[in-house]
Amino acid sequence: MTTRNYSSRSQQTTLTSAVTAGASTMVVQSGTGLLGGQSIPAGTTFTIVIDPDTALEEIVDATAVSTNTFTITRGVDASSGQAHSAGAVVRHMAIGRDY
């Protein structure tokens, strides 16, 4: 079972460029702020929601980060890959599987 990381200090950020429905990476304005002081060690994930509270809301698992570029797994918790525009809101959130 994969270990999930959480942060109570995570800060909302935005996408710096558009993300296609099949992309496996995304670039955000502030990777450090989004992680809230956490890291993503090998074998762990960090839950991220793109476009929360909209029709395009998508849950992804971040499996690695390099500065502001996150490697992501799509289709988490029954969400599906969506295209997202540059400037889309990105948050670390608790989701259904966490409860």
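This short talk covers one strand of a predicted model and the charged side chains of the structure.

Let me begin with strand β4, which runs over residues 44–50. Of its 7 residues, 7 are buried, so the strand is largely enclosed by the rest of the structure. If you look at the two faces separately, you will find Thr44, Phe46, Ile48 and Ile50 buried on one side, while Thr45, Thr47 and Val49 are buried on the other, and so both faces of β4 are covered.

Which strands pair with β4? Strand β1, residues 3–5, pairs with β4 in the parallel sense, over 3 bridges, and within that pairing Asn5 has Phe46 as its bridge partner. Strand β5, residues 58–66, pairs with β4 in the antiparallel sense over 5 bridges, and here Phe46 appears again, standing opposite Ala62. Strand β7, residues 89–92, also pairs with β4 in the antiparallel sense, over 3 bridges, with Ile50 opposite Val90.

I turn now to the charged side chains. How many salt bridges does a search of the whole structure find? The search finds 3, and I will take them in turn.

In one of them, Arg91 is joined to Asp53, with the closest N and O atoms 3.5 Å apart. This pair links distant parts of the chain, since Arg91 lies in strand β7 and Asp53 in the loop between β4 and β5, 38 residues apart. As for accessibility, Arg91 has a relative accessible area of 26% and is therefore partly exposed, whereas Asp53, with a value of 66%, is exposed, the cut-off for that word being over 50%.

Another salt bridge brings together the side chains of Glu58 and Arg74, at 2.6 Å from N to O. Here too the pair links distant parts of the chain, with Glu58 in strand β5 and Arg74 in the loop between β6 and β7, 16 residues apart. Are these two residues buried or exposed? Glu58 is buried, with a relative accessible area of 0%, and Arg74 also counts as buried, at 18%, because the word applies under 20%.

The remaining salt bridge is formed by Arg97 and Asp61, whose closest N and O atoms are 2.5 Å apart. Arg97 sits in the segment after β7 and Asp61 in strand β5, 36 residues apart, so that this pair also links distant parts of the chain. Arg97 counts as partly exposed, at 28% relative accessibility, while Asp61, at 10%, counts as buried.

Finally, I would like to draw your attention to Asp51, which is placed in the loop between β4 and β5. Asp51 is buried and yet has no salt bridge. Which side chain of opposite charge is nearest to Asp51, and how far away is it? It is Arg74, at 8.9 Å, and a salt bridge would call for a nitrogen within 4 Å of a carboxyl oxygen. Leaving aside residues up to four places away in sequence, Asp51 touches Leu56, Glu57, His84, Ala88 and Val89.

To bring the two parts together, β4 is a strand with both faces covered, paired with β1, with β5 and with β7. Two of the salt bridges I described involve residues of β5, namely Glu58 and Asp61, and one involves Arg91 of β7.

Key: Residues numbered from 1 in each chain as written. Predicted model: local features only at pLDDT ≥ 70, side-chain atom pairs only at ≥ 80, totals over all residues. Heavy atoms only, no water. Buried < 20%, exposed > 50% of the residue type's maximum accessible area, 1.4 Å probe, protein only. Helix = DSSP H or I, 4+ residues; strand = E, 2+ residues; numbered from the N terminus. Pairing = 2+ DSSP bridges. Lys, Arg positive; Asp, Glu negative; His and termini not counted. Contact = heavy atoms within 4.5 Å.
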